[in-house]
Amino acid sequence: MRYGNVGSYVYGASSDDNRNLYPNYLMQLEMIKWAVEGGCDVYDFGGIPHFDDENDPVYGLYRFKKGFNGEVVVYSGEYVYDFRPNTARLADICSGIAFVRREHERRNTQLKHEKINV
């Protein structure tokens, strides 16, 4: 997204598939080029969680973004207000269940691959 002189990386994700080819670096490079071509002189990678804790499970996200030689700018943070707290709780529970199921499937797939390669 471009707004004024700032190009912003709003949202993205990746998987372990073909990670050795570094597809996220290419995607970011193309987005930075697009921002510069549009007159931007700032590219905002968006938030980084817990950049001061190397043990955090998503610390790699910080390393990835910092690898582009940017600077960490700390803003006030993110605030969430649930207008419907019961619905929000239900969504959190469903999200947790979905996460556990995906992890279970990922581990089963990994075990199958390990058995095939033995």
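**Group meeting: a walk through the model**

Okay, let's start with one residue: R19 is partly exposed, with a relative accessible area of 42%. Keep in mind that what you see above is a predicted model.

So what does R19 pair with? R19 forms a salt bridge with D16, and their closest N and O atoms are 3.3 Å apart. D16 itself is exposed, at 57% relative accessible area, because exposed means over 50%. As a general idea, side chains of opposite charge can pair when their charged atoms come close.

How many salt bridges are there in the whole structure? A search finds four. One of them joins E30 to K33, with 3.4 Å between the closest N and O atoms. These two sit three residues apart in helix α1, so about one helical turn separates them. E30 is partly exposed, at 40% relative accessibility, and K33 is also listed as partly exposed, with a relative accessible area of 40%.

Now jump along to helix α3, which covers residues 85-117. Here R107 forms a salt bridge with E103, the closest N and O atoms being 3.9 Å apart. They're four residues apart, which is about one turn of the helix. R107 is partly exposed, with a relative accessible area of 48%. And there's a third member: E103, R106 and R107 are linked in a network of salt bridges.

Next, the sheet. It's an open one, three strands in the order β1-β2-β3, with mixed pairing. Which strands are at the edges? That would be β1 (2-3) and β3 (42-44), since each pairs on one side only. β2 and β3 run parallel, joined by three bridges, and V6 stands opposite V42 in β3.

Let's go inside. The largest nonpolar core has five residues: Y9, A35, C40, Y43 and F45. Take C40 from that set: leaving out residues up to four places away in sequence, C40 touches R2, G4, N5, V6, G7 and A35.

Back in helix α1 you'll find Q28. Is Q28 buried or exposed? Buried, with a relative accessible area of 1%, because under 20% counts as buried. With residues up to four places away in sequence left out, Q28 touches Y9, Y43, F45, F64 and F68.

Last stop, the outside. M1, V10 and Y11 make a nonpolar surface patch of about 420 Å². V10 lies in the loop between β2 (6-8) and α1 (23-37), and V10 counts as exposed, at 60% relative accessibility.

Note on methods. Residues are numbered from 1 along each chain as its sequence is written. This is a predicted model: local features need pLDDT of at least 70, side-chain atom pairs count only at pLDDT 80 or more; totals for chains, interfaces and linings use all residues. Side-chain values use heavy atoms; hydrogens and water are left out. Patches are made of residues with over 30% relative accessible area and no salt bridge: like charges are joined within 9 Å, nonpolar side chains (Val, Leu, Ile, Met, Phe, Trp, Tyr) within 5 Å. Accessible areas come from the Shrake-Rupley method with a 1.4 Å probe; for residues, only the protein chains shown count as cover. A salt bridge is a side-chain nitrogen of Lys or Arg within 4 Å of a carboxyl oxygen of Asp or Glu. Buried means under 20% relative accessible area, exposed over 50%, partly exposed in between (1.4 Å probe, protein chains only). A nonpolar core is a set of buried Ala, Val, Leu, Ile, Met, Phe, Trp, Tyr and Cys residues joined through side-chain atoms within 4.5 Å. Contact means heavy atoms within 4.5 Å. Two strands pair if DSSP finds at least two bridges between them.
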